[in-house]
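Visitor: I'd like to walk through this one with you. Can I just fire off questions as they come?
Guide: Go ahead.
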Amino acid sequence: MSSYNETEIIDALQESTTVSSENVVLGIGDDGAVTSIKHGYQLVTATDVIVAGTHYPQGIDPQAIGHRSLAVNLSDIAAMGATPVWANLIFSIPTTTKDWIDKFILGFSTLANQYDVALIGGDTVRGPEFFAVSLQGIVADNQYISREGAQQGDLIYVSGCLGDASYGREIIQQDQVIEANQSLVKKFLYPTPRVKEAKKLSKFASSMIDLSDGLYSDLGKIMFGSDKGARIDVSKLPISATLNYFLGREKSIEKALTGGDDYELCFTVPKIKQNEFDLLTQSNKEIEYTNIGEITNENGVKLLDQENEYILTGNNYSHF
């Protein structure tokens, strides 16, 4: 069984990422990378780690691991309204085979090339299986979007559908993958970071976050950062027909609220910008945005099912 050494892994990664950023003064091959930033821009940095058995089931396709390791960071950069430019990749694996590494690199590099991300450094080591990426993005001075800008009366939106990826992970863990649930499994294995969508949203959003830990938990982070509350109507949550078919209404709602791994965007839009925002969404047929509630001055996130109070019974997603 053929394998790579560390130098060969680095060379293979470098060759597979074809983007050469004009702002990379000195890339892979030295003790550090040197980059430059254009005048009038700020640097945004996101760092995420994914660990076998915690963030994904042991034994999944290494191509999916490569994809996910970068996708979760791209999603963070997107939520800040920034454009991704450079990545550093650090990973540890207990054993190396050429086939496994090639598939991992394919997953990572395909996504990096799609979003024009230059790999500028990193490290590899033999040990417990985990993958960490530090990703840098750029944004015009003070044009970033944080979790702190939500105001009373702002409308709360989410992109795409919620809950699919979380149930997709369960399907993998239970070894129950069939043709009918492949779309749910794919949502977990190959999340789509909303980088392009976030750029269009940046002129409307007063706050934004990516949904990695579940809507209920992540929206709570906007509430904490903005010192506001929220009222959500669970009957408006965007739930796919496939998820509803397998789980039914109540369990689908629970997955949408607490499941995690969606990597969709949750953001707030001031009512004064609603009409302009609606024009944007009507012209974009590739993705749907759903208004699920409103920002309030109350504490915490209040859940309603139309006019009735909704009691959340499931546990929030946790990395620990």
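Visitor: Where does Tyr-263 sit?
Guide: In this predicted model, Tyr-263 is in the loop between helix 8 and strand 10 (265-269).

Visitor: Is Tyr-263 buried or exposed?
Guide: Tyr-263 has a relative accessible area of 7%. The cut-off for buried is under 20%, so Tyr-263 counts as buried.

Visitor: And what is its phi?
Guide: Phi of Tyr-263 is near 55°. That is a positive value in a residue other than glycine.

Visitor: Which residue just after helix 7 has a positive phi too?
Guide: Asp-227, with a phi of about 55°. Asp-227 lies in the loop between helix 7 and strand 9 (229-233).

Visitor: Buried or exposed, that Asp-227?
Guide: Exposed. Its relative accessibility is 64%, and the cut-off for exposed is over 50%.

Visitor: What about the residue following helix 4?
Guide: Asp-175 follows helix 4, and its phi is positive, near 55°.

Visitor: Stay with helix 4. How many of its residues are buried?
Guide: 8 of the 10 residues of helix 4 (residues 164-173) are buried, so the rest of the structure largely encloses this helix. Among the buried ones are Tyr-167, Arg-169, Ile-171 and Ile-172.

Visitor: What covers them?
Guide: The cover includes helix 5 (182-189) and helix 8 (241-258).

Visitor: Back to helix 7. Which of its residues are buried?
Guide: Leu-215, Asp-218, Leu-219, Ile-222, Met-223 and Ser-226. They cover an arc of only 155° around the axis, so they sit on the same side of helix 7.

Visitor: Why would spaced-out residues face one way?
Guide: An α-helix has 3.6 residues a turn, so residues three or four places apart point the same way.

Visitor: Does the length of helix 7 fit or clash with what you'd expect?
Guide: It fits. Helix 7 (residues 215-226) has 12 residues, and at 1.5 Å a residue they should span 16 Å. The end C-alpha atoms are 16 Å apart, which agrees.

Visitor: What does helix 7 lie across?
Guide: Strand 7, strand 8, strand 9, strand 10, strand 11 and strand 12 (300-305). Helix 7 runs at about 145° to strand 8.

Visitor: How are the strands of that sheet ordered?
Guide: 7 strands form an open sheet in the order 8-10-7-11-9-12-13, with mixed pairing. Its edge strands are strand 8 (207-210) and strand 13 (308-309), and each pairs on one side only.

Visitor: Pick a pair inside it. How do strand 9 and strand 11 run?
Guide: Antiparallel, joined by 4 bridges. In that pair, Arg-231 stands opposite Glu-294 in strand 11. Helix 9 (residues 274-283) also packs on the sheet, touching strand 7, strand 10 and strand 11. The direction of helix 9 makes about 15° with that of strand 7.

Visitor: What about the sheet of 4 strands?
Guide: That one is open too, in the order 3-6-4-5, and the pairing is mixed. The edges are strand 3 (41-51) and strand 5 (118-126). Neighbouring strands are turned by 15° against each other on average, direction ignored.

Visitor: How many bridges join strand 3 to strand 6?
Guide: 11, and the two strands run antiparallel. Ala-46 stands opposite Leu-135 in strand 6.

Visitor: Which strands does helix 2 touch?
Guide: Helix 2 (residues 62-79) packs on the sheet and touches strand 3, strand 4 (83-93) and strand 6. Helix 3 (residues 98-114) lies across strand 4, strand 5 and strand 6, at about 160° to strand 4.

Visitor: New topic: the largest nonpolar core. Which residues touch the most other members?
Guide: Phe-91, Phe-267 and Phe-277, out of 64 residues. Helix 2 gives the most to this core, with 9 residues.

Visitor: What does Phe-277 touch?
Guide: Leaving out residues up to four places away in sequence, Phe-277 touches Tyr-157, Leu-201, Phe-204, Phe-267, Val-269 and Tyr-289. Another core, of 23 residues, lies apart from the largest one, and Leu-211 and Ile-292 are among its members.

Visitor: Last one. Where is Ser-146 found?
Guide: In the loop between strand 6 and strand 7 (155-159). At 23% relative accessibility, Ser-146 counts as partly exposed. Beyond its neighbours within four places in sequence, Ser-146 is in contact with Ser-206, Ser-207 and Met-208.

Methods
Residues numbered from 1 in each chain as written. Predicted model: local features only at pLDDT ≥ 70, side-chain atom pairs only at ≥ 80, totals over all residues. Heavy atoms only, no water. Pairing = 2+ DSSP bridges. Axes fitted to C-alpha atoms, helices over the stretch in contact; angles between N-to-C directions. Contact = heavy atoms within 4.5 Å. Core = buried A, V, L, I, M, F, W, Y, C linked by side-chain atoms within 4.5 Å. Buried < 20%, exposed > 50% of the residue type's maximum accessible area, 1.4 Å probe, protein only. Expected span 1.5 Å × (residues − 1). Arc of directions from axis to C-beta.
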